[in-house]
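The following paragraphs lead through the secondary structure elements of a single model and the way they meet. The sequence and the coordinates should be consulted alongside the text.

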Amino acid sequence: MTVKAILERKGHDVLTLGPNEKLSEAIRILAEHKIGALVITNGDRKIVGILSERDIVRVVAKEGSAALDIAVRSAMTPKVKICNENHTVNEVMEIMTRGRFRHLPVEKDGLLDGIVSIGDVVKRRIEDVEREADEIRAYIATA
């Protein structure tokens with residue numbers, strides 16, 4: 001199973017924000033859409049960073065309420081791990097586990113093409129295991 005299959009099911013839509021926006025705007029978007037991360041782009045879908053809830057907690061712990069007025073670029077993670085549509089679910093799980101993060105932007109031709117969360121990956125893996133179990137049961141029943 002590949003990232004392409006996940007995106008075909010969930011879609012390629014990704015909420016993004018520019019690096020010069022205020023952190024308070026990022027927090028509003030995260031809360032409004034009940035998501036855990038925003039991909040930061042230059043407006044041309046070129047990935048320049050990612051901002052997760054963890055990034056926000058770190059900067060608020062350091063700066064207090066003044067953090068709400070700082071630019072997203074000061075709080076985001078600038079070195080973004082990415083994947084492409086050909087990565088397998090197992091490869092994506094390994095990347096996320098090794099990096100200890102829950103969101104992985106998908107890039108195609110150097111531009112943002114989607115995002116995969118740990119929830120997407122676990123859901124897909126569970127579906128695979130259930131399908132395999134059904135196939136084994138059907139094989140045993142017909143043997």
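Arg45 is located in the loop that links β2 to β3. In this predicted model, Arg45 adopts a positive phi of about 70° without being a glycine. Most residues other than glycine have a negative phi. With a relative accessibility of 33%, Arg45 is classed as partly exposed. The two strands flanking this loop form a hairpin with five residues between them, and Gly43 in the turn likewise has a positive phi, of about 100°.

The strands of this hairpin, β2 and β3, run antiparallel and are joined by five bridges. One cross-strand position can be inspected directly: Leu38 stands opposite Leu51 in β3. As for solvent exposure, β3 is mostly covered, five of its six residues being buried.

The hairpin belongs to a wider arrangement. Three strands make up an open sheet, ordered β1-β2-β3, and their pairing is mixed. The edges are formed by β1 (16-17) and β3 (47-52), each of which pairs on one side only. On the β1 side, two bridges connect β1 with β2 (residues 37-41), and these two strands run parallel. Thr16 has Val39 as its bridge partner in β2. The mixed character of the sheet can thus be followed strand by strand, from the parallel pair β1 and β2 to the antiparallel pair β2 and β3.

Which helix lies across these strands? Helix α2 (residues 23-33) crosses β1, β2 and β3, and runs at about 135° to β2. The loop from α2 to β2 contains Lys34. Lys34 is another residue other than glycine with a positive phi, near 55°. Its relative accessibility is 76%, and Lys34 therefore counts as exposed, the cut-off being over 50%.

A second pair of strands is found later in the chain. β4 (103-108) and β5 (111-117) run antiparallel and are joined by six bridges. Glu107 has its bridge partner, Leu112, in β5. The hairpin of β4 and β5 has two residues between the strands, and Asp109 in this hairpin takes a positive phi near 55°.

Before these strands, the loop between α3 (53-63) and α4 holds Lys81. Lys81 has a relative accessible area of 53% and is exposed. Lys81 nevertheless has partners distant in sequence: leaving aside residues up to four places away, it touches Ile95, Phe101, Leu104 and Pro105. The C-alpha atoms of Lys81 and Val92 are 10 Å apart, with the two residues eleven places apart along the chain.

The β4 and β5 strands also take part in covering the N-terminal helix. The buried residues of α1 are Val3, Ala5, Ile6 and Leu7, and the elements covering them include α4, β4, β5 and α5. Just after α1, Gly11 has a positive phi of about 100°.

Helix α5 can be described from the opposite side of this packing. α5 comprises 25 residues and extends 36 Å from its first C-alpha to its last, close to the 36 Å expected at 1.5 Å a residue. In α5, Asp120, Val121, Arg124 and Asp128 are buried. The buried residues of α5 pack against α1, α4 (89-99) and β5. An α-helix has 3.6 residues a turn, so residues three or four places apart point the same way.

How do α1 and α5 meet? Two packed helices are described by the angle between their axes and the distance between the axes. For α1 (residues 3-10) and α5 (residues 118-142), the angle is about 105° and the axes are 11 Å apart. Since angles from 65 to 115 degrees count as roughly perpendicular, α1 and α5 are therefore roughly perpendicular to each other. On the α1 side the contact involves Ala5, Ile6, Arg9 and Lys10, while α5 contributes Asp120, Arg124 and Glu127. In chemical character, the residues of this contact comprise two nonpolar, no polar and five charged. Two of the α1 residues in the contact, Ala5 and Ile6, are also listed as buried in α1, and Asp120 and Arg124, on the α5 side of the contact, are buried in α5.

Methods. Residues numbered from 1 in each chain as written. Predicted model: local features only at pLDDT ≥ 70, side-chain atom pairs only at ≥ 80, totals over all residues. Heavy atoms only, no water. Axes fitted to C-alpha atoms, helices over the stretch in contact; angles between N-to-C directions. Helix = DSSP H or I, 4+ residues; strand = E, 2+ residues; numbered from the N terminus. Parallel < 35°, antiparallel > 145°, perpendicular 65-115°, else oblique. Contact = heavy atoms within 4.5 Å. Nonpolar A, V, L, I, M, F, W, Y, C, P; charged D, E, K, R; others polar. Pairing = 2+ DSSP bridges. Expected span 1.5 Å × (residues − 1). Buried < 20%, exposed > 50% of the residue type's maximum accessible area, 1.4 Å probe, protein only.
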